[in-house]
Every structure is written in structure tokens, then in C-alpha cells.
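Open the model in your viewer and keep the selection tool at hand. The tour below goes from one selection to the next and says what is found at each stop.

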Amino acid sequence: MTSPNRQIVFDSVSKFYGEVLGVNRVSFALDPGITSLVGPNGSGKTTLLNLLTGLIKPTRGSIHVLGLTTGQPVELFRQVGYCTQFDSFPPGSTGYDFIFWPLRLHGFGREQAARLTDEALERAGMTQVARRKVAGYSKGMRQRIRLAQAIAHHPSVLVLDEPLNGLDPIARAEAIALFGALAVQGMHVIISSHILEEVDRISDRVVLMSSGYVVAEGQIREVRQEVRDHPMQILVRCSNAARLASAAFELNHVVEAKIVNDGRGVLIRTRDAEQFYLRLNKIVCSGLIEVEAVAPADDDVDSIYQYLIGCNGGPI
Amino acid sequence: MNARLITRAKEWTQEQPWELYATQIFVLMRNEIRRNLFARRRLWVYLLAAIPVVILLVQRAFARNTAEPFYIESATRVLARIVHLYYVRLGIFFACMGIFTWLFRGEVVERTLHYQFLVPVRREVLVIGKFLAGTLISIFLFESAVLACFYLTYDRFGAAGWSYIFDGPGLHQLGAYLLVTALTCIGYGSVFLALSLLFKNPIVPGLVLMGWETIAPILPAWAQRLSVTSYMRHLCPVELPVEGPLAIFTVVAEPVAPVLAILGLLCLSVAVLVLSCFLIDRIEITYTAE
């Protein structure tokens, strides 16, 4: 079990804006790695990130980031970098200034701050335009310079609010690779997104949010297991789809078996995936069919979200 | 009990990273001065400081000959009125309202305050850094203007004017005016900073403060201690008789020694700044609600 001093812990946290609910009774503990906060607009993702970084204070409950509270800004913000989604910058500042001066506030000397600034600019691919004013940057460049500022001081916790917004496909791929590299180094990378497919591929775990509540939390597969009410979909590519479908219908836990359009596979919906896999093994061993591939068809965030909240995947 | 408190205070003092705080205050001041002093939106503050200077320049342009030394006393009273009635009551008041309320409110309007809250800087240090930056800006602007007014007032008297400055009470008066200007900036600055943290729109409370400062002379002596202009009155190097209809209501407070007036104003400012340090801790970043 990970020590609380390495975790991010929300303990029964609620936040109300007057009578409006921000988030309610949120409790979880996050280990290092990539965690995605997923939910539609207004579900409380940004509120949760702002609570984590002390930009807003909880109405109830407590938050600990690596054992620190938001009441300890000097210690906390040495460990935390936050790339917000506020698309605003200090007037007149250049990309370089935007990173260099906050590093000076961290207490770094001029030379060290300059070195860290150059390093962060390079990682974000912004070295060439660093001396230009931020006001003249494109949306993607502004996003990248904010990311560069958030990682410049080598934080242990990187908080990213919709970090892929405005990035072109190449920059997206680079950013995702960067997040992966940071997580491998043992960092906490917390990403909020309303686009399910973009976090599905990179997350170690997800926190699904809706209307201020956490509706599910954990590794994607674990969360999927929690959705007992919804049969799991398994796609079996095989030589004899009709025979497999027929065999599957004999099982009580199988609620649907549908031959896919090309006739070379069956989409099974079952309430007990483990039992189905055992049965499939027997069918394969009997030599009735040849199986090319077996894969869960709804073992992704998109499907889980659809089951839990009744919302379509993709942009919510 | 006292000994334990003293020991704890000593420990606390030793635990604090003072060098880091000093660096942070320096960086905050540098950022704020760049943001506030050289901004186009601050043009009206320059104008407020420059109005008397422009009037004196125009007067000088039309006066062809050197003024008669006989009028030095009269010019001295005019200069005292410029400093005490214009700068202290109006110019510095409104300039400080603009500069100090913008220190935090401006960042909320520009949606950049979160950057200040996401660095390892104590919020109290943030308040002090911004306050010092605002103070430096306002002192620089208004002391420059007062110096220019002083020069234009006495230079037109030629040798007699320079003699008044260096052989007479001129230098002492200049020192007093500069002190009054600096203290007024500090006093109003601290109050407007606190108001900007207390109210989303500090303009209305600012106008209430203006009313308070206006009626301060007719308030009881204890209430006058909560007025910046009342402290400044005791530091005026030239006697300014109270004139107009309010004169009959004016409460003549006992003269206060300059040192006490200075300390009184500084204590008032420090108390308001401490209040600001408590207020800043309550601030949350909810730009959409502003």
C-alpha cells in the first residue's frame, strides 16, 4: 500500500458556491501515475482540480497532497505544477518571462531559473518562439507555454486541466508522450478531459464525474467490473460465427450473441465474462471453431461512461 | 507564560526563510511595477499628478519677468495648498484608489491572479510585495510632481527664490512636503488595498472614504485618528487657516508632535495591512463569479 505521503487524498470533500453544488462528498486516494478526471462540462472536474491546488477552499472535508495541505503554499507548490484552462496571461509578458519569473518566485537563482526555463521550453517545443509576446501566440502555443510553466520546476504532481485543447494532432501526440514519460518517472499526472477517447489510451486510472459526484473511480478494468448491471461485450473473431453464437445462447449468462457484419465474428453480451471465457476455452478445445481473436468490446472509458451516466462517448 | 511566548516567537523568527521572502518581494515588486507603472491605462494617474505642474508651467510661461520677492510668502501658501488641498485630498487619493485597488482586482479582471496563487509564495508575502510596489509607484509619481511644483514655485523668484530655499525655510518645507506625500501614499495605499480585498467593487467604499476624509475636521478628536488627512495636517510646514462654511464646525484637535503623527499613520497603515493579510487568505479563484 502506498504511503499517504505519496498519495493525493480527498477525504469527504464538498464544495458549494452559495447554494450551487460544485462537488459533493468526494473521497479517493490517488497513487502516482496518470489519473484522468472524466465528465461532461459542469460535472465538477475543474472544481476538483482547483480544490486540489488551493485556488478554492472546500466547504467540508480535507485534502492532502503528498501529506501537505493547501495551507502550506511554500511546501505545496514546490511539489505541484498546475496547467489551468484559464487562457489568460500577464499583459505584455513573453513566453520566456512567463516561465522565468515564477521560477524566481520559487527561490531559484537567476542562472538556475534560466536553465530550468530553457529546459521547459525545449520539452514543450517552444524554444524558437520563447522571446515573442504571449499575446501573439496561437491557442496551441498558449496551451504549450502553460504546460511548460507547469513542469518547469520539476514538480512531483502535475495537474492538467483540459491539456490537449487547441493542440494539433502532432502536438497532442507529443504531449501525451510527455505525460507518459513523466508518469514513468514516478510523478502524479492528473488530467481532466471531457473527451473520453483521448484519456482512455494514456490513463492508469480514471475518476468519472457527473453533476459534482464521483460516480466511479479506479483502473478502467476495475471500474468496468463495478458496472454489474450492464452485460459486458466481448468480440470473438472466429472461423464459424454461427456455431459460436448457437453455443453461446445455451449459456444462461449470455443475453445476446450477434454475428458481426462481415460474418467472421460474434459480439457476445454476457453478465459473467469469466464463465464465458471458460466455456469458450472448451469450445475451442473441442475443435468446433478456430478463434482468431478475443477482445472486450466495451472495456474503455467511453462505454463505461455511457453505462454509468447514460451519456454518449466522444465529446460530451 | 510570557517567556514561553517570547521563546516561541524567537523560534518562529528563526524558522522563517527571510532570504526567500526578500527575493519573492523583489520579484513581485518588479512584476507589479512593469504591469502598473508603464501601462497605458495608468495615463490618468500621470495626469492627476501633473495638473498643478502644468498650471505652474503655464503661469510661468505668461509671467515674463522675475517675480517680486515680496510675493514669496504668498507663493509658499499657494504651494502648501497645492500639496495639502490638491495632492493629499484629491490627487493622491484618487491615484491610490486606481493603483492599489487594481493590484488584486486588476488581476481578477485580467484573470491572472491564479498565477500568483500557484507559486510557493505565502499570501502575506504577496500582499506585502504588491503593496510595496504600489507604494513605490505612487511615491515616485507624486514626489516627482511635488518636486516639480516646488522648483517652479521658487525658481521664478530668481536669486531670492534660491535664497529662500537654501538660506531660509525652503528645504525644510520641501522635506515636509515629500514626507507628507510619501505618508499619504502609504496611508491611502493600505486602505485601498484592504478595500479591494473586502469588496468586489471598491469604488463605492472609496467614495465613502472620501466623504469620511472630507468631514474628518468636524469629527471628534478620537475619530480624526482614523483619517489620513488629519495626520497629515499636523505635518504641514505652513499654517493653513480653515476657510469656508465648514470652518465653524471644525474641531481644532490638539497639536500632535510630528513624530507621533508619523508613527500614528504608520501604525494605522500596518494595522490595515495586517487586515489585508487576513483578507487575502479568504480569496478564491472563481473568475466566472466576478
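Start with the sheet in chain A, keeping in mind that this is a predicted model. Select strands β5, β6, β7, β3, β8 and β9 of chain A: in that order they form an open sheet of 6 strands, and the pairing is mixed. The two edges are β5 (80–83) and β9 (213–218) of chain A, each of which pairs on one side only. Look along the sheet and follow the twist, which averages 15° from one strand to the next.

Next, select residues 33–38 and 188–193 of chain A. These are strands β3 and β7, which pair in the parallel sense over 6 bridges. Which residue in β7(A) is the bridge partner of A:S36? Pick A:I191 to see that partner.

Now add the helices that pack on the sheet. Helix α1 of chain A, residues 45–52, touches β3, β6 (157–161), β7 and β8 (205–210) of chain A. The direction of α1 makes about 150° with that of β6(A). Helix α6 of chain A, residues 169–184, also packs on the sheet, and the strands touched are β3, β6 and β7 of chain A. Here the angle to take is with β7(A), and the direction of α6 makes about 145° with it.

Move to a single residue, A:G22. Find it in strand β2 of chain A, which covers residues 20–30. Is A:G22 buried or exposed? A:G22 is buried, because 22 other C-beta atoms lie within 10 Å, and a residue counts as buried at 20 or more. Then select its contacts beyond the neighbours within four places in sequence: A:K15, A:F16, A:Y17, A:G44, A:T47 and A:G212. One of these, A:T47, is 25 residues from A:G22 along the chain, yet their C-alpha atoms are separated by 6.3 Å.

Zoom out to chain A as a whole. Colour residues 4–218 as domain 1 and residues 226–309 as domain 2. The C-alpha centres of these two domains of chain A lie 39 Å apart.

The last stop is the place where the two chains touch. How many residues of chain B are in contact with chain A? There are 22, and they meet 24 residues of chain A. Select α2 (18–36) and α5 (113–117) of chain B, each of which supplies at least two residues to this side of chain B. The largest share, 6 residues, comes from α2(B). Colour the chain B side by residue type: 11 are nonpolar, 6 polar and 5 charged.

Conventions
Residues are numbered from 1 along each chain as its sequence is written. Chains are lettered from A and ligands numbered from 1 in the order in which they are written. This is a predicted model: local features need pLDDT of at least 70, side-chain atom pairs count only at pLDDT 80 or more; totals for chains, interfaces and linings use all residues. Domain bounds come from an automatic or database domain assignment. Two strands pair if DSSP finds at least two bridges between them. Helices (H or I, at least four residues) and strands (E, at least two) are DSSP runs, numbered from the N terminus. Axes are lines fitted to C-alpha atoms, for helices over the stretch in contact, and angles run from 0 to 180 degrees between N-to-C directions. Two residues are in contact if their C-beta atoms, placed from the backbone, lie within 7 Å. Ala, Val, Leu, Ile, Met, Phe, Trp, Tyr, Cys and Pro count as nonpolar, Asp, Glu, Lys and Arg as charged, and the others, Gly among them, as polar. A residue is buried if 20 or more other C-beta atoms lie within 10 Å of its own, exposed if 12 or fewer, and partly exposed in between; C-beta atoms are placed from the backbone.
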